[in-house]
Amino acid sequence: MRTRTETPPPEAEQKQYWDQRWNQVQDEYPHAWARRRGAAILAMLGSVSLQHPRILDMGCGTGWFTEELARIGEATGVELSEVAVSLARSRYPHATFLAGNVLKMALPAAHFDVVVSLEVIAHVEDQDGYLERAVQALKPGGYLVITTVNKFVHDRTDWSEDSAGHIRFWLERGSFRQLLSRHGFRVLRMASVIPMGHGGILRLVNSQKLNALVTRFMSERTLEGLKERIGLGWTWIALAQKAR
């Protein structure tokens, strides 16, 4: 994993990484994990009062979730990879897609009711600057829904690190909340989804034999939900609100 003391890869190298990445996985995405995460996000958004909101999807990838968001409002997706944006524009006609670095591009101030960010915050050099863009883009009282890899689970999972150009600054639950609070967001709800991992304590928690025994007394989904509630999901999801 790249540390914060290392020089981050230049933007051109990052762009090349994501162009290659999205080109390789374009026919595999969204997979079951992405859809599970997406359903949880839509449920969170359904818990707040939104009437045809303007939505900004920061780091939209190939745009499948931006299209889902377009079902509830006016959705705009922003993505560094031009390959991903080209795919998004060809596949999803009900949303607007822009290619560029969200840390540098011009965005209308206090324009959006909702900002969504899926699995991006861990892959940017300047996490504070990234959240400031969300603050600037949101109307007072607007909502941020943001997800990131759960460092506790990641560190207990065999997951090979991939090539240069890929920034990886994973977050614990506490540091994630602190980062949001530091930028004036009030965290309304935090949840984890997609339990996994097999190192350390997770070797026991996710043991097939133990889980088979437990599911004699409760459903697999109930057990999965219990793990998610105590923070053992692969992904953290936070629903936060900008000050009015």
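Visitor: Leaving aside neighbours within four places in sequence, which residues is aspartate 19 in contact with?
Guide: This is a predicted model, and in it aspartate 19 has its place in helix 1, residues 11-25. Setting aside neighbours within four places in sequence, the residues in contact with aspartate 19 are Ser81, Glu82 and Val83.

Visitor: What does the side chain of aspartate 19 reach, and at how many Å?
Guide: Glutamate 82 is among the contacts of aspartate 19. The aspartate 19 side chain comes to the backbone nitrogen of glutamate 82, at 3.3 Å.

Visitor: Does aspartate 19 count as buried or exposed?
Guide: The cut-off for buried is under 20% relative accessible area. Aspartate 19 has 14% relative accessibility, so this residue counts as buried.

Visitor: Let's turn to the sheet. Which strands stand at its edges, and why is one side of each left without a neighbour?
Guide: The sheet is open, with seven strands in the order 3-2-1-4-5-7-6 and mixed pairing. Each edge strand has a single partner strand, so one of its sides has no neighbour in the sheet; these are strand 3 (96-99) and strand 6 (185-195).

Visitor: How many bridges join strand 6 to strand 7?
Guide: Strand 7 covers residues 233-242 and runs antiparallel to strand 6. One pair of bridge partners is alanine 191 and, in strand 7, isoleucine 237. The number of bridges joining the two strands is nine.

Visitor: Which strands does helix 7 lie across?
Guide: Helix 7 spans residues 173-182 and runs at about 150° to strand 6. The strands that helix 7 lies across are strand 5 (138-149), strand 6 and strand 7.

Definitions and conventions
Residues are numbered from 1 along each chain as its sequence is written. This is a predicted model: local features need pLDDT of at least 70, side-chain atom pairs count only at pLDDT 80 or more; totals for chains, interfaces and linings use all residues. Side-chain values use heavy atoms; hydrogens and water are left out. Two strands pair if DSSP finds at least two bridges between them. Helices (H or I, at least four residues) and strands (E, at least two) are DSSP runs, numbered from the N terminus. Contact means heavy atoms within 4.5 Å. Axes are lines fitted to C-alpha atoms, for helices over the stretch in contact, and angles run from 0 to 180 degrees between N-to-C directions. Buried means under 20% relative accessible area, exposed over 50%, partly exposed in between (1.4 Å probe, protein chains only). A polar contact is a pair of N or O atoms within 3.5 Å; within protein, one must be able to donate a hydrogen and the other to accept it, and residues adjacent in sequence count only if both atoms are side-chain atoms.
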